[in-house]
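Please open the structure in your viewer and keep the selection panel at hand. We will go from stop to stop together.

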Amino acid sequence: MAAEAVHLSTSHPTTTPTTDRRALLARRIRWFVAATIAYNVIEAVVALTAGARASSSALIGFGLDSVIEVSSAAAVAWQFAGRDPEARERVALKVIGASFFALAAFVTVDALRSLLGSGEAEHSSVGLVLAAVSLAVMPGLSYAQRRAGRELGSASAVADSKQTLLCTYLSAVLLVGLALNSLFGWAWADPVAALVIAVVAVREGREAWSGDDCCSPAAALRFTTEGEDDCGCSPGCSCCSSPSATS
């Protein structure tokens, strides 16, 4: 255990960013948030329009998810627009957590309605293209923001990046659901997968709502001890654990 701790502490330096580096990271996060908002506004308009035309509850749900994603990104934009972003962190996390809960609630209700036979969706070429584009764009945007947020020590930026990553999952669900419905008429495939996404959304919402401050620069300076990971955080920290553990 001791040898492993030494290895981790040397392979992952635990130093806080300089003032200039923090300013650069804050600018990057603002840019990522602006890009997220812009893309999701377009995505919402396209998805809601295509969903209404095809009577697709999956597409309409995806469009509403984009609206929720905008609210999450706007919360982080508001936080980093202030002179002291850390002072606004708690409020931003509450907004992000509430966004996750709202998304989970809508996806659950919509999925259950679909499973109970509220109507069959028609084929939508626009929906298939939109899902494929989102699946290509969102992972990179989420990763870049999560990386900057972890280095800066911003739990809200990391939580918002997870909202973007969840949008990636929903893109995959939408793409598979629309494809299976178009090719085989399997109308049940999308709502079943959507229920899985709802469970993930609840988990991420609880994590954001709790507002764990383990991502602060002070926490990153703590030396590795039993019960803490290599950046000095408690187990399950959303910022300091590996991407695979938090995504």
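Here is a short tour of this predicted model, from its core out to a loop and back to a helix.

**The core.** Start by selecting Ile 29, Phe 62 and Leu 174, the residues with the most contacts inside the largest nonpolar core, which has 42 residues. Two or more residues of this core come from each of α2 (19-54), α3 (57-81), α4 (89-115), α5 (125-152), α6 (155-184) and α7 (189-210). The biggest share is from α6, with 9 residues.

**Around Phe 62.** Now keep Phe 62 and show what it touches. Beyond its neighbours within four places in sequence, Phe 62 is in contact with Glu 43, Ala 47, Leu 130, Ser 134, Cys 167, Leu 170, Ser 171 and Leu 174.

**The α2–α3 loop.** Next, pick Ser 55, found in the loop between α2 and α3. Ser 55 counts as partly exposed because its relative accessibility is 47%. Add Ser 124: the two C-alpha atoms are 9.5 Å apart, although 69 residues separate them along the chain.

**Into α3.** Select Ser 56, which caps the N-terminal end of α3 with a side-chain oxygen 3.1 Å from the backbone nitrogen of Leu 59. The helix α3 itself has 25 residues and spans 36 Å from first C-alpha to last, close to the 36 Å expected.

**Along α6.** At the start of α6, look for a side-chain oxygen of Ser 154 within 3.2 Å of the backbone nitrogen of Ala 157. Follow the 30 residues of α6 over 43 Å, close to the 44 Å expected. Of these, 22 are buried, so α6 is largely enclosed by the rest of the structure. Finish at Gly 185, just after α6, with its positive phi of about 75°.

Methods
Residues are numbered from 1 along each chain as its sequence is written. This is a predicted model: local features need pLDDT of at least 70, side-chain atom pairs count only at pLDDT 80 or more; totals for chains, interfaces and linings use all residues. Side-chain values use heavy atoms; hydrogens and water are left out. A nonpolar core is a set of buried Ala, Val, Leu, Ile, Met, Phe, Trp, Tyr and Cys residues joined through side-chain atoms within 4.5 Å. Buried means under 20% relative accessible area, exposed over 50%, partly exposed in between (1.4 Å probe, protein chains only). Helices (H or I, at least four residues) and strands (E, at least two) are DSSP runs, numbered from the N terminus. Contact means heavy atoms within 4.5 Å. The expected span of a helix is 1.5 Å times one less than its number of residues. A polar contact is a pair of N or O atoms within 3.5 Å; within protein, one must be able to donate a hydrogen and the other to accept it, and residues adjacent in sequence count only if both atoms are side-chain atoms.
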